[in-house]
Amino acid sequence: MDPRDISRALTRIAHEILERNKGASDLVLLGIPTRGVPLAQRIAAKIADVEGNAVPVGSLDVTMYRDDLRMRPARTLLPTEIPHGGIDGKTVVLVDDVLFSGRTIRAALDAMADVGRPQAVRLAVLVDRGHRELPIRADFVGKNLPTSLVESVRVRLSEFDDDDAVTIAGAGGGPAARHEEDAR
Amino acid sequence: MKRHLLSAGDLTRADAELILETAEELRSLADRPIKKLPALRGRTVVNLFFEDSTRTRISFEAAAKRLSADVINFSAKGSSLSKGESLKDTSLTLEAMGADAVVVRHWASGAPHLLANAGWSKSSVVNAGDGTHEHPTQALLDAFTMWRHLGNLDGRRVAIVGDVLHSRVARSNALLLKTLGAEVTLVAPPTLLPVGVEGWDVETSYDLDAVLPKADVVMMLRVQRERMNAAFFPTVREYSRRYGLDGRRMDTLQDHTIVMHPGPMIRGMEISADVADSHRSVIVEQVTNGVAVRMAVLYLLLGGSEPAVGTSEGANL
Amino acid sequence: MTTAYLVKGVRVLGGEPTDLLLEDGVIAAIGAGLSADGAEVVDADGLIALPGLVDLHTHLREPGREDAETVDTGTQAAALGGFTAVHAMANTDPVADTAGVVEQVWRLGREAGHCDVFPVGAVTVGLQGERLAELGAMADSAARVRVFSDDGKCVSDAVLMRRALEYVKAFDGVVAQHAQEPRLTEDAQMNEGELSGRLGLRGWPAVAEEAVIARDCLLAAHVDSRLHVCHVSTAGSVEIVRWAKSKGWNVTAEACPHHLLLTDELAATYDPIYKVNPPLRSAADVEALRAGLADGTIDVVATDHAPHPHEDKDCEWQAAAFGMLGLETALSIVQQTMVDTGLIDWQGVAERMSYTPARIGRLEGHGRPIEVGEPANVVLYDPAHTAVVDGTNLASLSRNTPYVGRELPGRVVATFLRGTPTVLDGKLA
């Protein structure tokens, strides 16, 4: 995906969220760090363009809830910022860049349970690359990208990287594959 | 494998900054309805306290419990004279009970080193204060407090005032603050500065009034009255006059300068009541920060397959 | 009729190879190509012969602390170290402050038979530093005590020290002082310096030793008596002793092998195997001690062999006992630090570890040169041997040696006590 593909996908997701929710009331967007956060902010901006009011945006770090915590050295924590007003009774839309095994989202659901009790939780991802290991599905998908397990999907966003792009790297693990695992 | 936190001097700048950043994230936990994270679920943390210290023990206990660890408190009132169970036997017992980490406070300098290196147990050892040697988590929470108020500590001037000779807090702070780029000045009467302090890479001064106007942080240490009987200073009155932080001296501080104290304070001795209760004093905040910092330390040592900071097993000082 | 021993090809004090005939408790003959019917031949090719070593400062712990050492095991360790005579310090339980206790220790030594034991008498009753012990009774006893010491503690009261120095003149005794100003060293743990400040261990300042030595030298001069200074450990102490000798005063001094080799840096490990009193000092102090021992300012090497059971060392530093083993490694350490460095030769070793200590202790029959007619107290030593110290196969009951894992030169091959071997082929005979 190039920058314009990404922008169109996010616009479509924003509209789909509003359609499903029948408006912007009681919506909260929580991005999963790192790249889920700017995506959530962009979606929130697009919703604000359409609806006229701002939608609360925040971040939810899932590090402590990962099921592979004990398998690696202790990881750096990333920021968790729950917007003013909390998530109790709200419709929370989790936002992440890549949906892969589903374990990150499972961790996010556990993390949210310790923060409050949403009315409903939905999932928006920029890319769904398949290979689910848990019964998790996305409600809003930017692009379905069937991949093989030896490939890795790289998402670049201008907030962190040089540009906006989604690329698939070929076989061969190493750093690319590990980055991929981070996005799981 | 790095497994222990025995001395503030063992932390690299990267280690220290990682702990502070992690503590920053964990601090917000206090505002949540459910003040728990599952990171240390199933881990057992033992508080092994050979010296009375309700505050530090409670702080570590809160930190471990908020990370969902199981906490066992072992308080051994051992004096150097009593022939109670030896440190070795206590350690072997805890190992047999399956302790993952032992937080130890002991009256003998070097006791945590012994626990870490004697080969009696495989637990991580966190030094919660050993004799007059070190108190690394105190230094970390002090640095965290300074960082929250002043930002980056490079070039910041920190004055540590009081009984430096007997203070493990002073030692750990001097080491950690240097690592973080701050400049440390130790202020005390000559009798309360250790022999060889020139080799510590710090400034020293006998003149509190000269040091205060330039300081960004003033940390007051506790001074025990009993030191008077060993002739470290003649009277409480003289000590307070020359080295106590009172309202008059507080007025000579810069606007942004904060006043700290590791506690417990002796109001009227090293610090006057009006200073302790002033807006500059961050003494109560230090306590809150203590839990977050200790959570960070426990998480980084125990949360993963191996620790992200700390001393190597079997390393010498 | 006891066995005679013909030692072949030995280098006496490192000189040319020659033969020694040890018969009837004396050195019967010295020369090349000796022969003797019925004598047991000891092949001493490559070995040197030293006069039997004399230790002025050992702790045998019996009576009272037989869990750490007994006269039997301690003298075994001594024999293996090449010693034919040891002075056993008085800080036993009960304290050796009466004729009864010193005679008991002396007798235990004779019965064990590994080396001669000369008990040291306490200066004050119970080592309390308040009243003089019955020094005369101990001198007149079967143990014939001539060396008196409260070692472990300091005779800090100036008047008491003066009286002791005066009193022992009556029987040619000597007071051996453990120089440690008690108030300056309350709860002291290690040498006072930058390291002690960093480690949080209370310091033992050099001045606490030096000030007492200076006072005692002046007192000894004033009352015209002999003074012996135990375990000198600092450069400043060496200078004070040097000054006292330059005035012609009758002061002798000893240094321990561990102070010739180890420094206070080792305390950074917090391993109490390195905890000793006086403490390990700086590298500069070690240098000064070696120089002082070489130039004669320090007269003798004494071991201060201090056994402690495992539980008194397998704990945190502040709770641990002070002291290290020394008898079995002393000669090797002196070789490494003084002979192999060229500071002294084997004649010098004989003076510092045999002749002079015997003279200070007023011993007859020990510290005699290796000459015809002299008592056959001889050590056969292999200076070319090296070994890593094991720490498990020691004769001592205790195991607190700081040298485990260290490579040391030399090995005692045989020790003869009045012509009878106490050690043969490196093992107890």
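**View 1. Helix H6 of chain B lies across three strands.** In this predicted model, helix H6 (residues 168-179) of chain B lies across E6, strand E7 (183-187) and E9 of chain B. Relative to E7(B), H6(B) runs at about 155°. Axes here are lines fitted to C-alpha atoms, for helices over the stretch in contact, and angles run from 0 to 180 degrees between N-to-C directions. Helices (H or I, at least four residues) and strands (E, at least two) are DSSP runs, numbered from the N terminus. Residues are numbered from 1 along each chain as its sequence is written, and chains are lettered from A and ligands numbered from 1 in the order in which they are written. Local features in this predicted model need pLDDT of at least 70, and side-chain atom pairs count only at pLDDT 80 or more, while totals for chains, interfaces and linings use all residues.

**View 2. Five strands of chain B form an open sheet.** Follow the order E8-E7-E6-E9-E10 in chain B, where the pairing is parallel. Two strands pair if DSSP finds at least two bridges between them. Strand E8 (203-205) and strand E10 (258-260) of chain B are the edge strands, each pairing on one side only. From one strand to the next, the twist averages 20°. Within this view, strand E6 (residues 157-161) and strand E9 (residues 217-220) of chain B pair in the parallel sense over four bridges. Look for Val158(B), which stands opposite Val217(B) in E9(B).

**View 3. Domain 1 and domain 2 of chain B meet.** Domain 1 of chain B covers 2-135 + 287-312, and domain 2 covers 136-286; such bounds come from an automatic or database domain assignment. Taken over C-alpha atoms, the centres of these two domains of chain B are separated by 25 Å. Their contact takes 27 residues from domain 1 of chain B and 24 residues from domain 2 of chain B, where two residues are in contact if their C-beta atoms, placed from the backbone, lie within 7 Å. On the domain 1 side, the elements giving two or more residues are helix H1 (13-27), strand E5 (124-130) and helix H11 (283-302) of chain B. H11(B) gives the most, with seven residues. By class, this side has eleven nonpolar, eleven polar and five charged residues. Ala, Val, Leu, Ile, Met, Phe, Trp, Tyr, Cys and Pro count as nonpolar, Asp, Glu, Lys and Arg as charged, and the others, Gly among them, as polar.

**View 4. Domain 1 and domain 2 of chain C meet.** Chain C is divided into domain 1 (5-48 + 374-428) and domain 2 (52-360). Their C-alpha centres in chain C lie 26 Å apart. The contact takes 28 residues from domain 1 of chain C and 40 residues from domain 2 of chain C. Strand E16 (378-388), strand E17 (407-417) and strand E18 (420-424) of chain C each give two or more residues to the domain 1 side. The largest share of that side, six residues, comes from E17(C).

**View 5. Chain A touches chain B.** Here 16 residues of chain A are in contact with 19 residues of chain B. The chain A side divides into nine nonpolar, three polar and four charged residues. No contact joins chain A and chain C.

**View 6. Residues 312-317 of chain B have pLDDT under 50.** pLDDT is the predictor's confidence in each residue, from 0 to 100. Where pLDDT is low, the predicted coordinates should not be read in detail.
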